[in-house]
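Hello,

As promised, I am handing over the structure we talked about, with some notes on what turned up when I went through it. Please have it open while you read.

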Amino acid sequence: MTTRPVKIYVPCDAAAGSVGADEVAHEIERIAGCGDTDVTIIRNGTRGMLWLEPLIEVETPKGRMAYGPVTPDDVEDLFEAGFLDGRAHTLAHGPTEDIPYFARQERLTFARCGLTDPLSLTDYEAHGGLAGLRKALASTPQAIVETVTESGLRGRGGAGFPTGIKWQTALAQEADQKYICANADEGDSGTFADRILMEGDPFCLLEGMVIAGLAVGATVGYIYIRSEYPLAIATMRRAIDIWQETGLLGPDIDGSGQAFDIHVRKGAGAYICGEETSMLESLEGKRGQIKVKPPIPAIEGLFGQPTIINNVLTLASVPIIMSKGAGFYKNYGQGRSLGTQAFQLGGDIACGGLVEKAFGVTMRELVEGFGGGTHSGKAIRTVQAGGPLGAYVPASEFDMEMDYEKMSEADAMLGHGGLVIFSKDVNMAAQARFAMKFCEIESCGKCTPCRIGSQRGKEILDKIIAGENIDDNLIILDDICELMEKGSLCAMGGLTPMPVRSAIRHFREDFEG
Amino acid sequence: MVTVLQSSHSRIRQICAGYDNRPDALIEILHDVQDEAGFLAKEALVEIADALNISRADIHGVVTFYHDFRLVPLDGPDIRICRAEACQAVGAECLATHAAKTCDTKITAAYCLGNCALGPAVMMDGKLYGRVDAERFNQLLKQRGET
């Protein structure tokens, strides 16, 4: 038995908590309390290897050793096996950072996630935090915008708009007040990277927002977080308090004389509020109905003022771009998709979790190489890429390279980087119907193609599923899809046809009774 | 009865004042009131409208737009089963059917709970659970009944 003090890491992340991490932490505390070793439990973020959660790590002279998935009933056994010294056990995986799933990633945005105590500013600085902000404080707004432009960073929410161009637009506006809004309304099924970052490295988002504020001359920021993420909301609020107490937020950031404040706003269960104009309405306390663009928010956004709206991961990528330089960042990726993307593997997948890789990795590498096939053990039939508005990709197209352009060429989309895996049991006509039903439920109701098109689309799919005039009804369905794509005001109605049409294109047999 | 109403009115005033009676904080205020009272009573909405100086119609529009808000109390625990694609892929529909049969209370569908690698996901009174099959669902309900 070891006599040195031991640190044990047990993730506080909501996904880890959903399979018993809190209970495991309590059990470790209880048993450690009976022993002689001085044990400290640190609640870190998740490493993103969610199928191993609760994944606990023990700090040893040989590095952090991983054990998982651990149940409260395993804890006593782990103590007896000598896990405090990193000894072998059936749940042991050796050094965490040598686990191939983790070792083969390129962690830039998520470099600290899972490594540190999310709310320890000391940990944050010790692992490269604040370096980007300090460079930004010593820089000019134009120089910051140029660095971000040069890095090639594009919007990670799904649209992929060049971040630097958006910032340049806002910087050019003369206004009494400008705003930075972090879009944390991560509503796409199959995506959870924003949540993992906010729960596991909240200061990184704050740092990105402050840098954005310095770049465009904004002094107030809002983080709009969906209400389904109570832990992320609580963590971000606590993180803001800590930064206010230490002077990293407020009237005089880090003694620079520059001001920035951040507020958290909680969503209320409307998927559409992830659309930027709808989010602005919601931030103003209104119904989350979308607005027609132009004017674009960078010119006329929140309360009519120039507003930068960026996804959580876009903003969280800015600190490392500032600290290591645009050249470092754009060295990853390919073509016009530079840097890294946080891919998220969900659904029927053996090794689900977060994989940060440079753009260009193939879907096969993610789904088979990292994901290890299905959880159910059945053959994979399709992957839905990019959330509920994304295409269903058949197994024959898994060699698709994951970047904005390549996926678009294949009539698919990257979206927020979520991949939902389905086994051979899936019925694609039912999935197409669900896409229409989801649009019906979540449409804001402003434009007719989305509001009515989704209802008629669902009804026609009901007829097709019932075997009524299948060929004729498929023609009508295609017509509705065309109308929704071309006539909707935003991506909700405009992209709902993508899963429907891809399902018909690749899996026609499921629509033929 | 009158005293109860008055005290709840002053509590609502207090919540609104905590946000400087700003109309843009309406959604936060509605969350706070619902978290305390369990639902949004008509009287509460009148009070909020008055405090923020906005119309009752505007508030009605907001309350009915967002899925989170309810005008009547829940008749039991707040149970949400994730019914989005990632959970569908691992049997969320079977779980929902099972839950509807075994549970007396109304179960809400969620899209999505953000636990897509460990589905089917369920949220009970704000606590997230993963890998919930019918058996685990029954256990969770039982545990909840015991606490």
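Let me begin in chain B, where B:R80 stands opposite B:M123 of strand 3. B:R80 belongs to strand 1, residues 79–82, and strands 1 and 3 of chain B run antiparallel, joined by three bridges. Before I go further, please keep in mind that this is a predicted model.

Strand 1 of chain B also pairs with strand 2 (residues 108–110), this time in the parallel sense and again over three bridges. There, B:I81 has B:A109 as its bridge partner. And which way do the side chains of strand 1 point? B:I79 and B:I81 go one way and B:R80 and B:C82 the other, with all of them buried.

Between strand 2 and strand 3 of chain B there is a loop that holds B:P120. The peptide bond leading into this proline from B:G119 is cis, with omega near -10°. Chain A has a cis bond to show you as well: A:K293 and A:P294 are joined by one with omega of about -5°. A:P294 sits in the loop between helix 12 (276–283) and strand 9 (307–311) of chain A.

While we are on backbone geometry, two residues have a phi you may want to look at. Most residues other than glycine have a negative phi, and most peptide bonds are trans. A:D411, however, has phi near 55°, and B:N21 has a positive phi of about 50°. A:D411 lies in the loop between helix 16 (404–409) and strand 16 (418–423) of chain A, and its relative accessible area of 46% makes it partly exposed. B:N21 is in the loop between helix 1 (2–18) and helix 2 (26–37) of chain B, and with 32% relative accessibility it too counts as partly exposed.

Now for chain A as a whole. Its secondary structure comes to 21 helices and 16 strands. The radius of gyration is 24 Å, close to the 24 Å that the globule rule gives for 513 residues, so chain A is as compact as a globular protein of that length. Along the principal axes, its C-alpha atoms fill a box of roughly 75 × 60 × 40 Å. Of the 513 residues, 61% are buried.

One piece of chain A that is easy to pick out is a right-handed β-α-β unit made of strand 7, helix 11 (residues 230–245) and strand 8. Strand 7 (residues 220–225) and strand 8 (residues 261–266) pair in the parallel sense over six bridges, with A:R265 of strand 8 as the bridge partner of A:Y224.

Helix 17 of chain A (residues 428–442) is another good place to zoom in. Its 15 residues reach 21 Å from the first C-alpha to the last, close to the 21 Å expected. What caps its N-terminal end? That is A:N427, which places a side-chain oxygen 2.9 Å from the backbone nitrogen of A:A429. Buried residues in this helix include A:M428, A:F434, A:F438 and A:C439.

A smaller detail concerns A:T382, found in strand 14 (residues 380–385) of chain A. Its relative accessibility is 0%, so A:T382 counts as buried, and its side chain reaches the backbone oxygen of A:V393 at 2.8 Å.

Last, the charged pairs. The count over all chains comes to 46 salt bridges. Here are three:

- A:D201 and A:R112 meet at 2.9 Å, N to O. They are 89 residues apart, A:D201 in the loop between helix 9 (193–200) and helix 10 (202–216) and A:R112 in the loop between helix 4 (100–103) and helix 5 (121–126) of chain A. Both A:D201 and A:R112 are buried.
- A:E368 and A:R364 meet at 3.3 Å, N to O. They are four residues apart in helix 15 (residues 363–370) of chain A, which means about one helical turn separates them. A:E368 is partly exposed at 36% relative accessibility, and A:R364 is partly exposed at 27%.
- B:R144 and B:D125 meet at 2.5 Å, N to O. This pair links distant parts of the chain, with B:R144 in helix 7 (residues 134–146) and B:D125 in the loop between strand 3 (122–124) and strand 4 (127–129) of chain B. B:R144 is partly exposed at 31%, as is B:D125 at 40%.

Salt bridges with shared partners also join A:D478, A:E482, A:E485, A:K486 and A:R501 into one network.

Best wishes

Notes:
Residues are numbered from 1 along each chain as its sequence is written. Chains are lettered from A and ligands numbered from 1 in the order in which they are written. This is a predicted model: local features need pLDDT of at least 70, side-chain atom pairs count only at pLDDT 80 or more; totals for chains, interfaces and linings use all residues. Side-chain values use heavy atoms; hydrogens and water are left out. Helices (H or I, at least four residues) and strands (E, at least two) are DSSP runs, numbered from the N terminus. The expected span of a helix is 1.5 Å times one less than its number of residues. Buried means under 20% relative accessible area, exposed over 50%, partly exposed in between (1.4 Å probe, protein chains only). A polar contact is a pair of N or O atoms within 3.5 Å; within protein, one must be able to donate a hydrogen and the other to accept it, and residues adjacent in sequence count only if both atoms are side-chain atoms. A salt bridge is a side-chain nitrogen of Lys or Arg within 4 Å of a carboxyl oxygen of Asp or Glu. Two strands pair if DSSP finds at least two bridges between them. A crossover is right-handed if, with the strands pointing away from the viewer, the path from the first strand over the helix to the second runs clockwise. The radius of gyration is taken over C-alpha atoms; the globule rule is 2.2 Å times the number of residues to the power 0.38.
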